[in-house]
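Subject: Structure handover and notes

Dear colleague,

I am passing on the structure below, and I would be grateful if you could read the notes alongside it.

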Amino acid sequence: MKRYFHNFGERVIEGVLTISGTVTSLTVLLIVFFLFKEGLGIFNQSPVAEGSAIVVNNQNPVKELSAKELKEIFDQNITNWKQVGGQDAPIKLFRIDDITDYYTEEQIGKDFEYLPQRLSEVVAKEPTIVAFFPEQYLAKDFQGHRINLENISVSEFLGGTEWYPTIQPAVQMGVLPLILGTLWVSLGAILIALPLGLATSIYLAEIADKRVRNLLKPVIELLAGIPSVVYGFFGLVVIVPLIQDLFGLPVGETALAGSIILGIMALPTIISVSEDAMRTTPRAMKEASLALGATKWQTIYKVVVPYSMSGISTAAILGIGRAIGETMAVLMVTGNASVIPHTFLAPVRTIPATIAAELGEAPQGGMHYQALFALGCILFLMTLIINLSVDFVSAKRKANR
Amino acid sequence: MSFSQNQSINNSKRLAQSVAFTIFKLLSFLVVAILIVILGFILVNGASVISWEFLTEMPKEGMTAGGIFPAIVGTLCLVAGSMLFAFPIGVLSGIYINEYSKDGWFKRFIKLMTNNLAGIPSIVFGLFGMALFVNRFGFGDSILAGSLTLGLLALPVVIRTTEESLKAIDKSFRIGSLALGATKWQTTSRVVLPMAFPNIITGLILSVGRVSGETAPILFTVAAYFLPKLPTSIFDQVMALPYHLYVISTSGTNIEASRSMAYGTAFILILIVLIVNLLANWLRRYFSKKVKMQ
């Protein structure tokens, strides 16, 4: 009886442990589910600014426009219907305020009660008009064609170069500047962190005596423990003004500032991973090299570094991963301008910073909200690729031994 | 090859070595210097702000004066809440992975997923916490939602340290215990866990440090811009130290005037990190001495 009880208890405990063991897997799956569920919704929504209508004359052969075309029309970069597949006629723009050009205040009504009807008349009268006004003024028997904007496509989303998620009349959601901005800042960070980190790890693993090492290791651990918002604050009050003065820029919030801060933040990862890799170099290999008359330095760069190359590349990949996902520090120092980066001395905007800055203002379930989740998906996929390649490199390293 | 030639080659080799070593040494000390500059800058500027009033009063005059008491309380709530969730599950999960699971696809899968979870950026946790806890479960912006989000973030850290601490314990202890007739759980709970405990606690302390400084996951799950009262239930919003530092250094009504408050807040955050690291190091040393004495 007692034995049976014991067995039962053991089973229960094993069950509890197994369930706990699956929590992380479950979390990852849930994260994927929620990100993609919300994020993919963006491809089912019309990019017309919420609560607005875009209409053309019934005779107009143009029945559909893309968000990009509509924006170009209202920015007056496209001025002829011919350019969007219609007849050769200049486009007449109409915004709600233009109604006073056609009717007096009395005709519109004191409380705009006749406005829907008047709008309908204007659109019916002007064959080349494109009108943009709030949906609530769309009359029931409206004389005109309401344009349905094509849903945003995957290629427009990923390849679009303009990110104006709240602009009227049609939102622009091209994430290319954000993706490139993220990669740009991370690339700069790794260019700063890799040489510094490698030198430090070589010093710690091969050169420094034990006393110095015991002094430096906790310092580097401390560097890893500082919260990113504190790095951001330091960047904001020290690095940003420094860059502004040094290069004589109008603003110091630049990609360079982001790269410097991210580089410092990536240092601990790079140092500890590559130092660990170098420490696994077999003693016999090093001693053989020294016995052949090589100096310690020759041994380091001809034996230790090549031997631990896969570990060093893991360190670099992890460093990039850390930089890509970092939010607060980047948000505070890079200036957040959504332009395709071309220099390190101009503001850029990264994916995490965009999510952090805009999610608070995006109404739940709206297109902007979904676009930010779609950005989350992209970020998730980027880090997934990084994690998998780290697994791949370290599996290969194990296989090689 | 004559003797003198040989010597000159040796000399140039030695020169290359000493040049290289000097460069490495300088770069390593540059890394240390960076840390000292960051720490020094914030500690020196922040120290003059710290006072009893700063720690125990509500923010005043558009957060340009007064204290950061509600943010301290908020961060304490979040740390406690997230650890209450992450610590037990993380330790149990670590025990499962190292002691119970058998080698095979399931173990590999769990380890892979844990690694992936550790690599997910903190802002994605924020998105997820908002979608699941705030909206789907209807917790709203609350301590509960924030703690769960932070707890998930800390989970891989706790699991990994538990796993490592268990791995470090020699197999002979387990075999000895099992040979005496103890069950697997008895072996785990009475032999293996007590030995691994110090290291597990060290991991817990380090994850407290991590959680207390995270900003991105709490942006949309709990953090309040300005809330001059203390929380009364787990469904209340709170201010938190890292978010407070973010808002007063970037978007306050008067950024210049609130700068001293920002230095003070950064000082407290750094102080937490320093204490956590010192405590962890001290514990590690203390316990390793104790083990040696036994």
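The notes below go from conventions to chain A, then to one helix, two loop residues and the interface.

The model is predicted, so that local features need pLDDT of at least 70 and side-chain atom pairs count only at pLDDT 80 or more, while totals for chains, interfaces and linings use all residues. Residues are numbered from 1 along each chain as its sequence is written, and chains are lettered from A and ligands numbered from 1 in the order in which they are written.

Chain A has 15 helices and eight strands, where helices (H or I, at least four residues) and strands (E, at least two) are DSSP runs numbered from the N terminus. Its radius of gyration, taken over C-alpha atoms, is 30 Å, against the value near 21 Å for a compact globule of 401 residues, the globule rule being 2.2 Å times the number of residues to the power 0.38. The C-alpha trace of chain A spans about 100 × 80 × 35 Å along its principal axes. The domain assignment, which is automatic or from a database, gives domain 1 (52–152) and domain 2 (176–400) in chain A, and their C-alpha centres lie 51 Å apart.

Buried residues make up 45% of chain A; a residue is buried if 20 or more other C-beta atoms, placed from the backbone, lie within 10 Å of its own, exposed if 12 or fewer, and partly exposed in between.

Helix α9 (residues 255–279) of chain A reaches 35 Å from its first C-alpha to its last, close to the 36 Å expected at 1.5 Å a residue, a span reckoned as 1.5 Å times one less than the number of residues. Of its 25 residues, 23 are buried. A kink of about 35 degrees lies at A:A266, shortly before the proline A:P268, the bend being the angle between axes fitted to the seven residues ending there and the seven starting there.

Most residues other than glycine have a negative phi. A:Q76, however, has a positive phi of about 60 degrees and sits in the loop between α2 (67–74) and β3 (92–95) of chain A, where it counts as exposed because it has 9 C-beta neighbours inside 10 Å. A:N336 has a positive phi of about 55 degrees in the loop between α13 (328–333) and α14 (351–358) of chain A, and is buried, with 20 other C-beta atoms within 10 Å.

The contact takes 72 residues from chain B and 69 residues from chain A, two residues being in contact if their C-beta atoms lie within 7 Å. The largest share of the chain B side, 19 residues, comes from α1(B).

Best regards
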